[in-house]
Amino acid sequence: MKEEAKKVLKKLEAHGYEAYFVGGCVRDWLLHRPVHDIDICTNAHPCDIMNLFPDHIPTGLQHGTITVKQDGYLFEVTTFRTEGIYEDFRRPSEVKYVNEVVEDLARRDFTINAMAMKHNKELIDPFFGLEDVNDHVIRAVGDANRRFQEDALRLVRAVRFASQLGFQIEDDTRKAMREKAPLLIHIAVERVREECNKAIDSKHPDKGFQYAQQTKLFQAIPALQQLFDQSTLQLWRLHTVESIIHKWVLLFFAADFTWEQSRELCRYLKMSRKEEETIMYLMQQITLLQPTWDQCQFIDWTRLIMKSGWERCYDLEKVLDALWWNDLSRKKVTLQTAFDNMTVKTLKELAVDGSDIRKISDQKQGVWIQQTLEYLWECTVAGELTNEPEVLLMAAKDFIQNEKALYVDDNK
């Protein structure tokens, strides 16, 4: 990807323009971290960029950004610019194109992101970002209060970078974060959630949580501040699960959130329906189980599989394993073992179906058919019946005749 991006820089230079790698890719190259996106800045204006690179997308034309396609890769190429007044604590009212890269770098958030690099690795570093990279420091470019006043999302980005990189936030920047924290209420909650996701799903979440506590970063979102304040003792467990959903559930449990509190915060953060439903299921089960940290307990996985299905149980086991991480050697039954031991793993594997059950009774079609199938499934899993049509239908007749099902007359 870097080699393809170099071709973009060289082509711009060949036509008399300046061009640099800029921002996070430069920082991550200096830190020897993986780079997934490469941004480019130049003194070429958008129309010049589009003329030079016919295969492009005008993704941010109003802000001077053109996405250039180069041999299967996409690179955002942005004209050097300064920005006008920020009217909504997020975006400038206008942008002005400039000719100097230093003016462009001056508008950026942190010194570690305010470096530019030529294709020959020559570094443009007017705000001593390399020094801060080497010292593992996050420092606002120029006046920290002004940077956060311009774009309040930078408040959460500081915490995210601390979590991802394990860096310290320098004093003036941290003080400005505490002062400007109330401005976070003006930022779209989806953007806040995504930055939180990145902080939670990072190598050093303890760093981010530490600064969120010190600065009262989420004071405008009390439930989120409570979560960051009360879950710190169990943050190390986040590394024992991979799914961001599982990590949120661990935090909810560590912060002693109720099911209702968890649901309210999920909805406030506008999580997807699937995310919310999964988290709510897990919190409900944990509330019923009332697990104790690092004390394994017996789980009737067979019953849970039949009730909730494999996927839900898989999620639950992952979370419980994290809760019991230091006691897993005493775990007696795994989900996989319980599943493997089930002679009939789903209703669909029964040797009879709903149409077969319907034929043996004069009952009108209704939920009694599903209830009968579930009864047969339970009996086969328990080993009380063999999964053969004749055996199952005979048991079904007895079940229906003995009125063990709760019939519902759909016509009433």
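**Figure 1. The largest cavity of the predicted model and its lining**. The count of cavities of 30 Å³ or more comes to one in this predicted model. The volume of the largest cavity is about 40 Å³. Its lining consists of Arg-193, Asn-197, Ile-244, Ile-245, Trp-248, Met-271, Glu-275 and Ile-279. Helices H9, H12 and H14 (273-289) are the elements that each give two or more residues to this lining. Helix H12 gives the most, with three residues. Sorted by class, the lining of the largest cavity holds five nonpolar residues, one polar residue and two charged residues.

**Figure 2. Surroundings of Lys-247 in helix H12**. Is Lys-247, a residue of helix H12, buried or exposed? Its relative accessibility is 4%, and Lys-247 therefore counts as buried. When neighbours within four places in sequence are left aside, the residues in contact with Lys-247 are Ile-200, Asp-201, Leu-238, His-239, Val-241 and Glu-242.

**Figure 3. Helix H10 and the elements packed against it**. Helix H10 spans residues 205-215, and its buried residues are Pro-205, Lys-207, Gly-208, Phe-209, Tyr-211, Ala-212 and Thr-215. These buried residues pack against five helices and a strand, namely helix H7 (153-165), strand E11 (168-169), helix H8 (171-180), helix H9 (189-200), helix H11 (222-230) and helix H12 (244-254). Just after helix H10, Lys-216 adopts a positive phi of about 50 degrees.

**Figure 4. The open sheet of seven strands**. The strands follow one another in the order E3-E4-E5-E2-E1-E8-E9, and their pairing is mixed. Strand E3 (56-60) and strand E9 (123-124) are the edge strands, each of which pairs on one side only. Strands of a sheet pair through backbone hydrogen bonds, in either a parallel or an antiparallel sense. Strand E1 (residues 19-22) and strand E8 (residues 116-117) are paired in the antiparallel sense, over two bridges. Within this pair, Phe-21 has Met-117 of strand E8 as its bridge partner.

**Figure 5. Helix H1 across the strands**. Which strands does helix H1 (residues 2-14) lie across? They are E1, E2 (39-42), E4 (65-70), E5 (73-79) and E8. Helix H1 runs at about 150 degrees to strand E1.

**Figure 6. Pro-46 and its contacts**. Pro-46 has its place in helix H3 (residues 46-52). Pro-46 counts as buried because its relative accessibility is 7%, below the 20% limit for buried residues. Beyond the neighbours within four places in sequence, Pro-46 is in contact with Leu-61, Gly-64, Ile-66, Thr-79 and Tyr-97. Pro-46 and Thr-65 are 19 residues apart along the chain, and a distance of 6.9 Å separates their C-alpha atoms.

**Figure 7. Two loop residues with positive phi, His-32 and Asp-71**. His-32 is found in the loop between helix H2 (24-30) and strand E2. Phi of His-32 is near 60 degrees, a positive value in a residue other than glycine. With 73% relative accessibility, His-32 counts as exposed. Asp-71 occupies the loop between strands E4 and E5. For Asp-71, which is likewise not a glycine, phi is positive and near 50 degrees. The relative accessible area of Asp-71 is 53%, so this residue is exposed, the limit for exposed residues being over 50%.

Key: Residues are numbered from 1 along each chain as its sequence is written. This is a predicted model: local features need pLDDT of at least 70, side-chain atom pairs count only at pLDDT 80 or more; totals for chains, interfaces and linings use all residues. Side-chain values use heavy atoms; hydrogens and water are left out. Buried means under 20% relative accessible area, exposed over 50%, partly exposed in between (1.4 Å probe, protein chains only). Helices (H or I, at least four residues) and strands (E, at least two) are DSSP runs, numbered from the N terminus. Contact means heavy atoms within 4.5 Å. Two strands pair if DSSP finds at least two bridges between them. Axes are lines fitted to C-alpha atoms, for helices over the stretch in contact, and angles run from 0 to 180 degrees between N-to-C directions. On a 1 Å grid over the protein atoms alone, a cavity is a set of points where a 1.4 Å probe fits but cannot get out, and a pocket is an open set with protein on both sides within 12 Å along at least five of seven lines; lining residues have an atom within 4 Å of a point. Grid points are joined across faces, edges and corners, and a volume is the space filled by probe spheres set on the points. Ala, Val, Leu, Ile, Met, Phe, Trp, Tyr, Cys and Pro count as nonpolar, Asp, Glu, Lys and Arg as charged, and the others, Gly among them, as polar.
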